[in-house]
Amino acid sequence: MTLDSYVPILFLIVLSTLFAVASIWVSSRIGPRAPTPAKLTPYESGIVPEGGIEKQRFPVKFYLVAMLFIIFDIETVFLYPWAVAYDNLKLFGLIEMGVFIAILLAAYVYVWRRGGLEWVD
Amino acid sequence: MSNFPFLDVVIFLPLAGAFAVGLIPRDNDGALRWTAFAVTLVTFVVSLGLLLNFDSDAAGFQLGTDVRWVKDWGVGYITGIDGISLWMIMLTTFLMPLAVLASWTITTRLKPYFVFLLALETGMLGVFSALDLFLFYVFWEVALIPMYFLIGMWGYANRIYAAVKFFLFTVLGSLLMLVAILFVYFNAGEGATFDYRALLGTPFSPEVQRLLFLGFFAAFAVKVPLVPLHTWLPDAHTEAPTAGSVMLAAVMLKMGAYGLLRFAIPLFPDAAREFVPLVMTLAIIGILYGAAVAVMQKDLKRLVAYSSVAHLGFVVLGMFVGTVEGMSGGILQMINHGLSTGALFLLVGALYDRRHSRLIADFGGLSKSVPVLAGIFLFVALSSLGLPGLNGFVGEFLILLGTWTAYRWWVVPAAFGIVLAAIYLLWAYQRVFHGEPVIEENRVMIDLNLREVSMLAPIMALIVLIGVYPKPFLDTIEPAAERTAQVLKEGSVASRDGAQQLRRHIVAGPLVPVLEED
Amino acid sequence: MEFEAPAVQLGAIGPEIALVTTALLLLIVDAFIPEGEERWYLAVLATIGFGVAIILAANQWGERELQLARMVAVDNFATFVKTSVAVFAVLTVWLSRDYLKRSEDEESEFYALLLFAAAGMMLMASAADLIMVFLALEIFSISLYVLVGFRRRSLASQESAMKYFLLGAFSSAFFLMGIALVYGATGTTNFYPGGGGEGIAGYLVSSAASDVDLLVLGVGLLIVGLGFKIAAVPFHMWTPDAYQGAPSPITGFMAAGTKFAAVATMLRLFVVVLYPLRADWRPILIAVAIATMLLGSVLAVIQEDVKRLLAYSSIAHAGFVLTGLIAANDRGLSGSLFYLATYGLTVLGAFAVVTVLAGRKERNVTLASYRGLFYERPLLAGALTLFMLSLAGVPLTSGFVGKFLVFGAAIQAGYWWLAVIGMLASVIATFFYLRVLVVMYMQEDDRGLQPAITGRLANSVVGLTAAATLVLGIVWGPLIDLAERATVFFA
């Protein structure tokens with residue numbers, strides 16, 4: 001195998017970049033423009049925005065909770081394919097998942113005891 | 001008694017002494033001084049055993065030990081001496097108690113001082129006894145560290161600069177030597193070993209020899225020192241405390257000359273022969289340059305330091321002319337220089353203790369207030385410039401004789417160096433001890449006390465002894481000198497046959513007694 | 001489709017599992033202890049964990065196989081590295097205990113991250129697959145990013161952690177790209193042939209290896225990634241800042257452990273697996289080694305901060321040990337192992353002295369503050385002297401033997417000129433080690449510098465490493481013997 005086989009990929013990269021740039025440029029040129037105040041407000045699920053959202057400051061706790069949520073949420077995703085393939089994996093799969101859950105549990109206990117789940121100190 | 005391991009005891013006794021000194025409370029000045037003195041004195045007495053048991057007629061190396069250190073790498077603790085190393089060891093052990101006596105004037109941090117001084121002695125003795133290249137390198141570097149501290153911690157105003165310069169110069173040379181040692185090790189063929197006796201007569205092509213010789217030469221030429229690698233010397237000698245200057249000049253410089261004789265020449269004789277003109281030229285330049293610069297010095301200690309450059313030029317000249325006379329003269333001159341320059345540094349140190357100055361201009365007319373000091377100074381100066389009847393004459397005469405038989409007219413510049421030596425030494429003597437005292441204080445200087453006289457007297461005795469009856473010295477030196485001179489003259493390791501012949505030539509006869517075999 | 005349960009030989013990564021388990025245990029146990037309590041048990045638990053790891057690792061001595069789907073090699077080489085790293089880590093734990101004692105920073109996370117980092121380094125040594133190498137690399141790197149910034153009240157610490165993290169992530173990307181290219185070229189990330197695949201080593205001896213351009217490109221990127229970890233020039237930029245800002249015990253551990261783990265991988269990868277490709281990687285590494293030795297030594301000369309000085313010295317040492325790797329022979333392998341094991345102990349000792357003097361507030365880290373240390377604390381100054389002499393490569397210290405061995409190997413391989421350059425760099429390096437000695441011994445000061453830490457554990461770390469530096473410099477036979485037996489790879 002040589003570098004030659006990568007030429008199509010390079011070609012693809014160039015082509016897709018060109019296409020993206022071109023389509024944005026063309027649409028900004030030929031698209032009609034009729035701005036209204038309603039069109040310019042950010043979309044917040046149909047509710048009228050309170051305004052000045054970019055100036056508000058969020059408590060750092062939001063980020064912490066969001067990160068913890070993502071971590072534990074993503075981990076549970078692994079349970080689905082495992083459950084589907086359980087018949088094939090048998091005891092081996094059970095033990096492996098036990099180890100996985102144990103590590104997750106350790107992390108959970110740690111986060112809980114260190115106050116990561118408390119909203120108010 | 002011949003089974004007693006004199007050599008190893010002599011090497012390690014000072015180190016044991018250093019540990020003993022380390023156990024003494026640091027404010028007990030008396031105990032520290034006397035312990036150090038006792039250790040060095042006992043070391044000297046034991047080293048007399050070497051002298052008594054040494055067999056001048058036996059070829060090869062004697063009185064040594066051969067123990068494996070790291071078997072897989074062929075590293076051994078191998079020691080042994082021949083007629084050259086014997087006298088270097090005797091010189092070291094002889095001067096060390098005197099250096100300790102000279103250290104009586106040191107009043108600060110005595111404990112580390114004596115620890116370093118004693119460790120230094122072990123390092124230097126090891127260098128002269130090691131017959132394993134690895135071991136040799138270890139001792140070579142180990143001798144460096146204590147001297148670095150001695151200069152840097154107890155030296156004069158500019159001591160740190162001098163100490164660092166001394167260390168870096170030496171390390172630069174010795175690391176190049178280490179590369180050469182490793183190269184020899186990996187290319188010696190059969191069985192990996194650092195054993196000098198086994199490595200002797202390893203065949204090398206002339207091109208390779210040239211590089212290897214330069215590797216070793218770098219280390220030794222810095223130490224000797226040969227011009228232009230000498231610039232560390234005036235600083236180190238001048239800034240070091242008296243005992244440091246004495247050991248530096250009397251013994252440490254000889255490590256370089258000894259290394260040339262023991263390792264650089266016999267291991268790579270073809271390259272050595274090729275470099276003879278270059279080395280001789282450098283030696284002659286050293287003689288003239290050292291002497292010329294010495295004439296112009298204002299600082300008495302610096303003057304003595306530069307005289308060392310000139311004297312060591314003589315030593316190297318003698319060693320490289322390739323005649324027995326030159327070689328023996330060079331070796332004898334190593335001892336002579338050790339004695340006379342050592343004594344000169346002791347005297348300059350004594351002057352400094354009294355006036356806290358080393359500048360010649362600060363003295364003058366001292367012969368009236370300190371007649372004994374003046375007398376001894378004149379005596380040692382005469383020895384140093386080669387007055388017949390004293391030791392310096394014998395060595396220089398032999399060197400010039402050897403040079404004459406081999407190279408004729410090269411003796412002219414060398415002889416001119418002797419004239420210059422007379423000028424700088426006698427002129428310095430005149431300015432310091434004669435005339436009218438420029439400064440009032442010089443009228444009431446205290447003469448040498450008992451301690452100072454007793455450290456100078458043994459040296460003076462030897463100066464006379466070698467001057468009038470050098471035979472016992474030369475008898476032991478000559479066989480080894482003859483072997484080395486012959487190697488330089490016609491030895492060759494360019495071919496396998498020549499190499500084996502060379503090896504038989506040097507390590508002929510019984511090898512060193514093997515204590516442990518495996 | 002029938003699933004076949006893989007043979008799970010957890011024993012292969014037993015030491016790592018022990019460390020990770022201990023770390024989890026630490027985190028949980030500590031979570032149940034109220035704040036403000038004496039936290040001595042953290043260090044005790046960590047020590048026990050490392051003890052178990054050492055025993056498990058030592059038990060693998062003599063084995064010689066590939067396990068866990070051919071991803072992990074169990075051989076003497078890995079055992080040697082694992083044991084050394086665990087020893088470094090134990091010493092770091094003891095030092096950290098006195099460093100952190102009764103401070104707000106003494107938390108389970110510190111020790112847990114240390115355990116994770118050590119586990120990553122160990123895994124690195126036995127990794128027999130590029131993916132496994134990357135995984136191990138990330139485990140210890142991420143742990144170290146956090147540890148470097150562990151002095152939470154110090155801006156310098158934060159800054160250095162940030163720098164280390166950004167550049168580290170960058171180098172990881174290079175490494176990953178290198179893996180991709182190697183995979184593209186050879187069709188495998190596995191090192192050794194067998195198990196149905198030929199592995200990188202197998203590919204190179206097979207006939208398909210006529211065109212290796214892509215592979216060489218990939219290997220070049222791997223060198224970038226690993227060169228970053230060992231702090232080789234030109235990938236060394238992070239080193240001085242990270243070393244300076246990190247808590248001193250961690251700096252010592254980084255210098256000792258990271259270097260060993262990364263060089264171990266390089267030894268396995270370059271000297272064993274990519275040996276047939278040496279004509280291609282040697283010139284690159286020679287250029288890197290020369291630049292590293294010279295630049296590290298030269299830049300160290302002008303440093304006024306002891307931690308920065310040691311950082312540049314560690315850069316220079318990366319260059320020295322690379323000469324053993326470039327030699328690519330048996331002596332080079334065993335020499336490098338010896339070098340890194342002893343260098344680790346020495347540099348840990350040097351940072352232990354720095355730690356003891358600087359304390360948690362990291363004061364007195366300038367060279368000038370060491371003035372006259374010998375007169376205040378002769379033993380501490382003596383130990384530091386020993387470490388400096390060892391780093392400078394003076395005989396009767398382990399550092400000399402290490403240098404002797406790797407330069408010897410280079411000379412044996414015919415690279416005597418590389419050894420000469422290395423020696424010249426050593427002379428430059430000697431200058432700044434001497435500066436430390438000059439300051440301690442030859443300049444007096446009546447400020448009366450007192451150690452900030454007087455704990456027995458920290459002092460015992462200084463004592464142990466000093467003893468090791470001296471003893472391994474004199475009796476180096478047994479260790480080099482072990483190192484020689486550790487060059488038995490799975491190959």
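This is a guided tour of a predicted model with chains A, B and C, moving from whole chains to single helices and then to a contact between chains.

**Before you start**

Residues are numbered from 1 along each chain as its sequence is written, while chains are lettered from A and ligands numbered from 1 in the order in which they are written. Since the model is predicted, local features need pLDDT of at least 70 and side-chain atom pairs count only at pLDDT 80 or more, whereas totals for chains, interfaces and linings use all residues. The model scores ipTM 0.91 and pTM 0.91.

**Select chain B**

Colour chain B by secondary structure, and you should find 21 helices and two strands, where helices (H or I, at least four residues) and strands (E, at least two) are DSSP runs numbered from the N terminus. The radius of gyration of chain B, taken over C-alpha atoms, is 22 Å, close to the 24 Å that the globule rule (2.2 Å times the number of residues to the power 0.38) gives for 518 residues, so chain B is as compact as a globular protein of that length. Turn the chain about its principal axes, along which the C-alpha trace spans about 70 × 60 × 40 Å. Of the 518 residues, 62% count as buried, a word used here when 20 or more other C-beta atoms, placed from the backbone, lie within 10 Å of a residue's own (12 or fewer makes it exposed, and anything in between partly exposed).

Now select residues 242–267 of chain B, which form helix H11. This helix has 26 residues and reaches 36 Å from its first C-alpha to its last, close to the 38 Å expected at 1.5 Å a residue, the expected span being 1.5 Å times one less than the number of residues. At Leu248(B), H11(B) bends by about 40 degrees, an angle taken between axes fitted to the seven residues ending there and the seven starting there. H11(B) is mostly covered, with 26 of its 26 residues buried.

**Select helix H1 of chain A**

Residues 7–30 of chain A make up helix H1, whose 24 residues reach 34 Å from first C-alpha to last. Of these 24 residues the number buried is zero, so H1(A) lies largely in the open.

**Select chain C**

Chain C holds 19 helices and two strands. Its mean pLDDT is 91, and 97% of its residues reach 70 or more; pLDDT is the predictor's confidence in each residue, from 0 to 100. Of the 491 residues of chain C, 65% count as buried.

Go next to residues 330–358 of chain C, helix H13, which has 29 residues and reaches 41 Å, close to the 42 Å expected. Here 28 of the 29 residues are buried, so H13(C) is largely enclosed by the rest of the structure. Just after H13(C) comes Gly359(C), whose phi is positive, near 70 degrees.

**Where the chains meet**

Show chains B and C together, for of the two pairs of chains in contact they share the most contacts, two residues being in contact if their C-beta atoms, placed from the backbone, lie within 7 Å. The contact takes 24 residues from chain C and 25 residues from chain B. On the chain C side, H17(C) gives the most, with 12 residues, and by class this side has 17 nonpolar, five polar and two charged residues. Nonpolar here covers Ala, Val, Leu, Ile, Met, Phe, Trp, Tyr, Cys and Pro, charged covers Asp, Glu, Lys and Arg, and the others, Gly among them, count as polar.

Finally, show chain A with chain B: these chains do not touch, and their nearest C-alpha atoms are 41 Å apart.
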